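Open the model in your viewer and keep the selection tool handy. We will walk through it one stop at a time.

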Amino acid sequence: MGEQARAAEAGTDAATRPSPARRRSRRLALDLAALSVVGLLLVGAIGAATVTVYRDLYSPGAFVTRYLSLLSEGRVPEALALPGVPIASSDLTDAGLPGDASEALLRRAALAPLSDIRVVGEQASDGVELVTVSYQAGPHAGTSTFRVERAGWVGLAPTWRFAQSPLAVIDLTLRGATAFSVNGFAVDTRQVSPDGTKADPLAPVALLVFSPGLYSISVDTPVSSSPGVAVLSDTPQAEVPVDIQTQPTSTFVDVVQERVESFLTACTTQQVLQPTGCPFGLQVRNRILEPPVWSMVTPPKIALQPDGAGWSIVPADAAAHVVVDIKSIFDGTVTHVDEDVPFRVGGTITMLPDGTASIQVQSAG
């Protein structure tokens with residue numbers, strides 16, 4: 001190739017090769033583009049992290065989840081300290097609930113654990129957030145909706161409070177007992193009634209409870225018992241009526257049997273034809289020569305049935321035996337009576353404030 005051709009080719013290469021300044025400008029543009037992408041990724045990551053932090057720590061759902069978690073862990077004082085949880089007597093009355101509801105069950109010993117707590121819905125309505133959560137309360141799956149409102153700010157983070165207290169009320173009517181237990185925690189109706197020991201035994205007692213909460217109410221005393229009644233409180237400021245009819249224990253029935261037999265035996269010691277206050281007797285129109293002699297031959301088989309706040313004795317057959325000589329007022333003849341006198345016995349049993357029973361035995365006709 002000639003010198004002229006080589007020179008021409010070299011000139012062409014020089015003309016098409018980028019200058020150093022152009023190369024630096026292109027590299028800078030690429031670097032800026034890369035930085036822009038990284039910046040967008042960082043902004044996206046920060047935004048996602050902010051959303052996650054808000055959802056987990058500062059959202060209405062996070063506030064409600066904390067409340068349920070405290071209940072599940074038995075941290076009652078902390079749960080009661082959350083804004084909007086405590087409820088005044090006037091607020092109870094305004095909600096149509098008993099203003100004198102007892103706080104006896106607002107304690108760890110009366111709580112059953114919750115598990116599988118999840119927020120399943122959040123919806124704004126008239127300035128209030130409606131937060132719906134699902135959970136497992138013992139064997140029962142439940143959902144509850146809470147009303148939450150903005151309470152203020154801590155820096156850039158919002159704070160929340162319950163717009164409606166999550167507490168509810170169980171109205172318990174207990175028949176045949178005053179002592180009961182809730183999730184194993186022992187209570188007496190006279191302790192939680194505003195009337196104390198003078199309370200009507202059939203008057204319902206109002207008990208504040210957490211919502212949600214599973215409350216198993218049972219009776220197990222020497223006098224009466226009942227199987228557990230499970231109450232799931234799942235609605236804030238709801239009134240849950242519970243009516244429990246207890247049954248007499250076999251031990252109590254045996255005690256009543258013994259007392260009735262002792263009473264009837266005492267009746268037989270009266271040497272009159274109509275023992276005073278007793279459910280049996282013998283009527284005659286003639287004179288008796290000697291005081292009659294009574295004995296009990298067939299005592300009644302005692303069974304009890306519920307009767308308001310106490311019990312009644314189911315009418316039962318029995319028989320006493322009398323031996324007496326009767327002289328006719330007409331002709332003076334003497335008749336020797338040696339026979340059984342059948343009768344029916346019933347009665348009522350009233351439980352006294354000190355826990356003892358007053359048994360009244362009477363004729364059942």
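Which residues of α3 are buried? Before you select them, keep in mind that this is a predicted model.

**Stop 1: helix α3**

Select residues 60-72, which make up helix α3. Now colour P60, G61, A62, F63, V64, Y67, L68, L70 and L71: these are the buried residues of the helix. Measure along the helix if you like: its 13 residues reach 19 Å from the first C-alpha to the last, close to the 18 Å expected at 1.5 Å a residue. Just after α3, click on G74, where phi is positive, near 75°.

**Stop 2: the largest nonpolar core**

Two residues from the helix come with us. V64 and Y67 are among the members of the largest nonpolar core that touch the most other members, together with L172, F180, F210 and I217. This core has 54 residues in total. As a general point, nonpolar side chains tend to be buried together in soluble globular proteins.

Next, centre the view on I217 and show its surroundings. Setting aside neighbours within four places in sequence, I217 is in contact with I170, L172, F180, S181, V182, P227, G228, V229, V231, V242 and I244. There is also a second, separate core, this one of 27 residues, and you can find it by selecting L264, L304, W311 and V337, which are included in it.

**Stop 3: the disulfide**

How many disulfides does a search of the whole structure find? The search finds 1, so select C267 and C278 and show them as sticks; their sulfur atoms are 1.9 Å apart. C267 belongs to helix α7 (residues 250-267), while C278 sits in the loop between α7 and β13 (287-288), so the pair ties together parts that are 11 residues apart in sequence. Look along the S-S bond: the torsion about it is about -90°, which makes this disulfide left-handed. Are the two cysteines buried or exposed? C267 counts as buried at 2% relative accessibility, and C278 is buried too, with a relative accessible area of 14%.

**Stop 4: the largest pocket**

Finally, turn on the surface and select A177, T178, P201, M351 and L352. Of the 23 residues that line the largest pocket, these are the closest to its centre. The volume of this pocket is about 430 Å³. To see which elements contribute, highlight α6 (189-192) and β17 (334-351), each of which supplies at least two residues of the lining. β17 gives the most, with 3 residues.

How values were computed:
Residues numbered from 1 in each chain as written. Predicted model: local features only at pLDDT ≥ 70, side-chain atom pairs only at ≥ 80, totals over all residues. Heavy atoms only, no water. Disulfide = S-S within 2.5 Å. Helix = DSSP H or I, 4+ residues; strand = E, 2+ residues; numbered from the N terminus. Buried < 20%, exposed > 50% of the residue type's maximum accessible area, 1.4 Å probe, protein only. Expected span 1.5 Å × (residues − 1). Core = buried A, V, L, I, M, F, W, Y, C linked by side-chain atoms within 4.5 Å. Contact = heavy atoms within 4.5 Å. 1 Å grid on protein atoms, 1.4 Å probe; cavity = no way out; pocket = protein on both sides within 12 Å on 5 of 7 lines; lining within 4 Å. Points joined across faces, edges and corners; volume = space filled by probe spheres on them.
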